[in-house]
Amino acid sequence: MSNLQNQFTVHFWGVRGSIACPGSETVRYGGNTPCIEMRVGSERLIFDGGTGLRVLGQSLLAQMPVTAHLFFTHYHWDHIQGFPFFVPAFIKINTFYIYGTIAPDGSTVQHRLNDQMLNPNFPVPLQIMGADLKFLDINIGKSIKIGDEIVIETALLNHPGEAVGYRINWRNYAAAYVTDTEHFPERLDENVLFLARNADVLIYDATYTDEEYYSEKSSKVGWGHSTWQEAVKIAKAAKVKRLVIFHHDPLHNDDFMDKIGEQVAEQFPNSLIAREGLSIQLSSPLDFLPPVEPEAIKGNL
């Protein structure tokens, strides 16, 4: 079996929330909005289509033909605005399975992606995309199976207009992608704990600090996002192996993110601040090598 089929990696192409913020103060962590790529066994999974999806698309041009599964957490603009600029979707030899929930107003993922590309918002309609686009509706709470070994669990998140969180299970590994969720003041969110339980990595929406969230002058309560302090609480309660702080506020520059990283590490040492270009490897091809017989070891001594 090839190394490609024995991998579980997570690559970050966009890590910001709300709006893209390129510039001299966001060079180290990046300014693109959410997009994460996971290579799981022989499958390519993509989560969210913020402006980071455009950059991912450029990298895929050297790997065509491409088949991938694209999952959306919800349809706020910062999570879909990169889709019209996703060049591989315009090329006929590629295939994309596109997943999303049915919104409270009845709109499907196909409706939402189509509508943002209609005149006068965009000059080229979705129908011009030449790739084979297969749209699939998600029922929150039901699992999705891809191939023989990947099982993706879903749960509702606390966000205006609703959002869905994902847990990707493969062999003995699990990654939880929990963004655009607001914590509850009196308890930990059972849905988030479910997705994060014993995960090898938890990617969590920590847009604000507690000080910003509870600010008397400019409270962020009800805005649909959480804090790094709550991320630590969830990671500890769910016995997560590694915590990744994600969906950074566009006002948080590189120096500010450095300080957050130091504070998070003090409370949860095995943690990272998401940045563009970061790759996390959950599995190693060595994990799947057949055991060496004692006689073979002896013969090599």
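**Close-up views of a predicted model**

**View 1. The loop that carries Ser-18.** Ser-18 sits in the loop between β1 (8–14) and β2 (35–40), where helices (H or I, at least four residues) and strands (E, at least two) are DSSP runs numbered from the N terminus. The phi of Ser-18 is near 75 degrees, a positive value in a residue that is not glycine. Residues are numbered from 1 along each chain as its sequence is written, and side-chain values use heavy atoms, without hydrogens or water. The model is predicted, so local features need pLDDT of at least 70 and side-chain atom pairs count only at pLDDT 80 or more, while totals for chains, interfaces and linings use all residues.

**View 2. Two cis peptide bonds, each ending in a proline.** Met-64 and Pro-65 are joined by a cis peptide bond with omega about 0 degrees, and Pro-65 belongs to the loop between α1 (52–60) and β4 (67–71). A cis bond also links Asn-119 to Pro-120, here with omega about 10 degrees; Pro-120 lies in the loop between α2 (109–115) and β6 (132–138). Most peptide bonds are trans.

**View 3. The open sheet and its edges.** In this mixed sheet, 7 strands follow the order β7-β8-β9-β10-β11-β12-β13, strands being paired if DSSP finds at least two bridges between them. Because β7 (144–146) and β13 (271–273) stand at the edges with a single partner strand each, one side of each has no neighbour in the sheet. From one strand to the next, the twist averages 20 degrees (axes are lines fitted to C-alpha atoms, for helices over the stretch in contact, with angles from 0 to 180 degrees between N-to-C directions).

**View 4. The β9 and β10 pair, with helices on the sheet.** Strands β9 (residues 163–170) and β10 (residues 173–178) run antiparallel and are joined by 5 bridges, and Arg-167 stands opposite Ala-176 in β10. Helix α5 (residues 228–237) lies across β11 (201–205) and β12 (243–246), and runs at about 155 degrees to β12. Helix α6 (residues 254–267) packs on the sheet, where it touches β12 and β13 (contact means heavy atoms within 4.5 Å), and its direction makes about 170 degrees with that of β13.

**View 5. Residues 296–301 and the confidence of the model.** The protein averages a pLDDT (the predictor's confidence in each residue, from 0 to 100) of 93, and 93% of the residues score at least 70. Over residues 296–301, however, the pLDDT is below 50, and beyond near neighbours in sequence this stretch has 1 contact in the model. Where pLDDT is low, the predicted coordinates should not be read in detail.
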